[in-house]
2 protein chains.
Amino acid sequence: MVRFAPALYDRPGLEGVRRRQIVRVLEAALEAVDPREAVRRFVRREGETLWVNGRPYDLTKIERVVVVGAGKAGAPMAQAVEEVLGGRIAAGWVNVKYAHTAPTEHVHIHEAGHPIPDEAGVWGAEEIARLLGQAGPRDLVICLISGGGSALMPLPVEGVTLADLQALTDALLRAGANIVEINTIRKHLDRLKGGKLAAMTSAPLIALILSDVVGNPLDAIASGPTVPDETTFEGACEILQRYGLWEGAPASIRRYLEAGRSGQAAENPKPGDALFERVQNVIVASNDLAAQAAERAAQALGFHTVLLTTFVEGEAREVAKVFVALAKEELASGRPLPRPACLIAGGETTVTVRGRGKGGRNQEMALAGAIQMAGLRDAALVCLATDGTDGPTDAAGALVDGQTLERARALGLDARAHLAENNAYPFFAALGDLLLTGPTNTNVNDLTFVFVW
Amino acid sequence: MVRFAPALYDRPGLEGVRRRQIVRVLEAALEAVDPREAVRRFVRREGETLWVNGRPYDLTKIERVVVVGAGKAGAPMAQAVEEVLGGRIAAGWVNVKYAHTAPTEHVHIHEAGHPIPDEAGVWGAEEIARLLGQAGPRDLVICLISGGGSALMPLPVEGVTLADLQALTDALLRAGANIVEINTIRKHLDRLKGGKLAAMTSAPLIALILSDVVGNPLDAIASGPTVPDETTFEGACEILQRYGLWEGAPASIRRYLEAGRSGQAAENPKPGDALFERVQNVIVASNDLAAQAAERAAQALGFHTVLLTTFVEGEAREVAKVFVALAKEELASGRPLPRPACLIAGGETTVTVRGRGKGGRNQEMALAGAIQMAGLRDAALVCLATDGTDGPTDAAGALVDGQTLERARALGLDARAHLAENNAYPFFAALGDLLLTGPTNTNVNDLTFVFVW
């Protein structure tokens with residue numbers, strides 16, 4: 001259970017009361033998306049029935065339960081499955097990022113490279129493919145997918161090397177290709193991505209998915225190993241041509257894509273493919289679920305609440321202004337909610353780095369918000385990275401209110417100068433207003449809260 | 001009555017139906033803040049009783065009605081007062097911007113310089129001061145305030161020239177002073193601003209205010225000639241010193257501020273001053289009132305609605321992303337409102353100009369929004385400048401949806417290239433998606449709408 005460092009809320013009087021309310025809401029959000037808790041919430045066993053998100057599986061008719069998967073949260077997710085199924089697990093292999101292990105009994109946790117895939121990842125992916133191939137219609141495969149799953153489970157097609165793939169990805173990024181385009185290529189040069197993990201087994205398959213992609217597009221999370229793929233070899237070739245990268249692409253890649261385009265390599269399974277009838281994809285943790293849990297916690301504390309969106313994007317310091325605009329309206333008119341009010345949004349902003357300071361998108365948003373809300377009473381803005389590490393820092397974000405600037409000034413801190421240098425971390429460290437949780441072992445992007453009392 | 005050019009909505013099928021819904025909502029918003037309509041909504045006569053926002057004035061006990069004021073919407077506001085009071089108006093003088101006149105019978109409309117004040121403005125302000133001085137306790141003064149009122153009613157204190165004031169304002173802007181700081185100085189170097197217009201007469205005073213400042217801070221609109229002023233001579237001096245401008249300030253200004261600081265010039269009337277007991281300040285038009293009128297019109301069309309905030313600020317292209325995030329959530333989950341939904345916000349964004357194109361903040365927001373919402377069905381984003389002229393263009397803004405980019409591509413238009421050049425106007429002109437109303441003669445900032453069907 002994630003806890004916040006008490007420096008944030010251990011304060012006298014009304015300030016402490018309000019900060020403890022905020023922390024309770026944040027903790028509820030993080031608890032809902034803790035990988036272990038999240039799996040346990042969606043997977044439970046009643047005697048010989050395994051219930052997964054309301055669908056029953058009769059364990060008496062299942063010979064072998066096989067657990068596979070990849071992602072940074074793989075280890076605690078595997079622990080949760082073991083808690084439910086224990087000795088019923090016949091075999092298991094999950095690829096995780098180096099140093100992201102946890103003790104398990106039946107599922108092997110295998111460390112590999114992230115964000116750059118490495119040979120350890122390939123080796124693990126081969127083991128996963130082997131387990132999948134061995135599982136038959138009377139078995140059950142449980143696949144654990146979380147953030148980083150794409151890089152952590154690389155299985156290039158025949159003749160293509162990791163180095164080839166990496167070179168092409170780099171070239172695409174430099175050329176300005178977007179993530180959908182890059183994924184289209186990836187899904188056609190890998191033996192598991194784009195629905196092919198599901199196609200590799202004839203066993204029923206349950207995919208438990210911890211979503212780190214805004215809006216939870218299943219085909220994008222870990223490059224969609226268990227869901228239909230609407231992209232094509234044809235489209236992959238077009239993308240390379242569009243960015244002028246076809247000629248310069250490694251020969252092995254050109255050869256494979258050409259083979260696919262001319263029908264000599266199998267297309268990825270498409271929507272409507274019968275194989276997906278035996279696949280149950282379940283999002284066990286997402287920005288949305290975290291936001292909803294926060295909302296319920298805020299309601300329990302007496303707040304009126306609204307969950308505005310889970311699709312926030314944009315430059316952090318500008319997005320901050322919109323959230324402060326919401327606080328100002330609450331204070332001016334009690335709109336859109338009666339007070340006390342808690343307005344919740346999720347997503348992931350970006351920071352265009354111009355300075356040389358230390359910070360992260362959530363801390364930057366909070367700092368810009370503090371400037372914008374200077375002098376306001378009875379309102380706070382809270383910006384939280386659900387993985388506990390906002391940017392290259394050990395903080396999950398920060399909490400600001402109308403008095404933040406004044407308190408900073410008393411310490412000789414200039415908010416505008418810190419913002420200009422992208423240097424929010426030391427600013428909030430000095431104030432004791434960082435959100436400090438340690439790593440949460442989960443990642444469902446960011447949450448932003450406007451509290452108005 | 002403002003009407004939109006039919007090119008925007010005169011389209012076949014569902015697109016036309018939806019666009020006509022949008023236009024009806026926008027027209028309702030603009031009608032609510034039309035200066036003449038706005039005054040008429042808050043001021044009416046029943047026999048010998050003048051009702052102003054629910055407060056009665058017994059005309060049988062009033063000897064002379066005197067109308068004064070300043071602002072770009074002064075002429076139609078005066079017309080509305082004449083429609084109500086006609087021959088009961090004994091004298092009247094309102095300063096307006098050059099070419100912003102309209103025919104009146106009893107109130108003299110006087111043209112002057114804006115945004116740079118000129119001697120015509122001073123002359124008119126002297127006439128206003130004279131009328132105010134002549135009005136006594138048995139008379140009634142009606143003061144018409146609208147955007148530009150500060151520049152259009154300049155009455156520098158003894159010994160200070162317009163040129164002195166302009167030089168100091170320029171220096172403050174260059175030094176990075178904000179509008180609150182600049183207004184603090186202005187209010188202490190002018191004989192009408194900072195509540196002193198009200199202090200200049202012993203007559204009861206009704207100020208009818210058309211607000212062009214986000215959040216409607218009465219002390220900021222036209223530098224608050226009819227409301228208490230919390231700023232001080234001391235504060236004005238401190239601001240000049242803080243920015244290192246005290247030494248370089250014109251001697252006349254230093255002398256006057258020093259006199260004020262040492263008590264030799266009267267401080268501006270403060271909150272609680274008895275003089276304000278005979279003053280009724282009424283905001284007759286504001287962003288808020290426009291947004292509420294839009295909301296009612298949308299409800300009448302069957303939309304679920306929420307008025308999120310009237311305090312929007314930030315870089316237009318980034319703020320756009322937050323609005324599109326709201327549309328995406330509506331489409332994904334039907335949150336925060338059941339569909340069809342209309343989400344409304346007001347305020348004023350900014351554009352950091354990097355290109356050499358033609359556009360305005362609303363068109364730029366719409367263009368950025370179009371890129372962000374490409375491919376979405378059943379959603380539209382509408383960005384409207386209530387004055388009808390967004391930036392240096394003859395358009396009030398633009399309307400975009402998930403098909404805008406596709407339609408643009410078919411015409412050979414590249415949305416990203418246009419955005420990079422701040423060149424939204426020709427983009428939307430080619431598509432026929434500009435909001436074209438002509439000048440609306442009002443200004444209550446901007447409105448942004450997300451429609452989801």
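A salt bridge is taken here as a side-chain nitrogen of Lys or Arg within 4 Å of a carboxyl oxygen of Asp or Glu. By that rule, four salt bridges are found across the interface of chain A and chain B in what is a predicted model. One of the pairs that meet the rule joins Glu313(A) to Lys328(B), whose closest N and O atoms lie 3.4 Å apart. In addition, 12 residue pairs, with both members at pLDDT 80 or more, are in polar contact across the interface of chain A and chain B.

On the side of chain A that touches chain B, the elements giving two or more residues are α11 (287-300), β10 (304-312) and α12 (316-333) of chain A, and the largest share, nine residues, comes from α12(A). Sorted by class, that side of chain A has the make-up shown below.

| Class | Side of chain A that touches chain B |
|---|---|
| nonpolar | 11 residues |
| polar | five residues |
| charged | nine residues |

The contact draws 25 residues from chain A and 25 residues from chain B, and the two chains bury about 2,100 Å² between them, with 61% of this area on carbon and sulfur atoms. Within chain A, the residues that lose the most area to chain B are Phe311(A), Val322(A) and Arg335(A), which together make up 25% of what that side buries.

As for the cysteines, a search of the whole structure finds zero disulfides over all chains. Cys237(A) is buried, its relative accessible area being 0%, and Cys237(B) is likewise buried, with a relative accessible area of 0%.

Conventions. Residues are numbered from 1 along each chain as its sequence is written. Chains are lettered from A and ligands numbered from 1 in the order in which they are written. This is a predicted model: local features need pLDDT of at least 70, side-chain atom pairs count only at pLDDT 80 or more; totals for chains, interfaces and linings use all residues. Side-chain values use heavy atoms; hydrogens and water are left out. Contact means heavy atoms within 4.5 Å. Buried area is the accessible area (1.4 Å probe) that two parts lose on being put together, summed over both. A polar contact is a pair of N or O atoms within 3.5 Å; within protein, one must be able to donate a hydrogen and the other to accept it, and residues adjacent in sequence count only if both atoms are side-chain atoms. Helices (H or I, at least four residues) and strands (E, at least two) are DSSP runs, numbered from the N terminus. Ala, Val, Leu, Ile, Met, Phe, Trp, Tyr, Cys and Pro count as nonpolar, Asp, Glu, Lys and Arg as charged, and the others, Gly among them, as polar. A disulfide is a pair of cysteine sulfur atoms within 2.5 Å. Buried means under 20% relative accessible area, exposed over 50%, partly exposed in between (1.4 Å probe, protein chains only).
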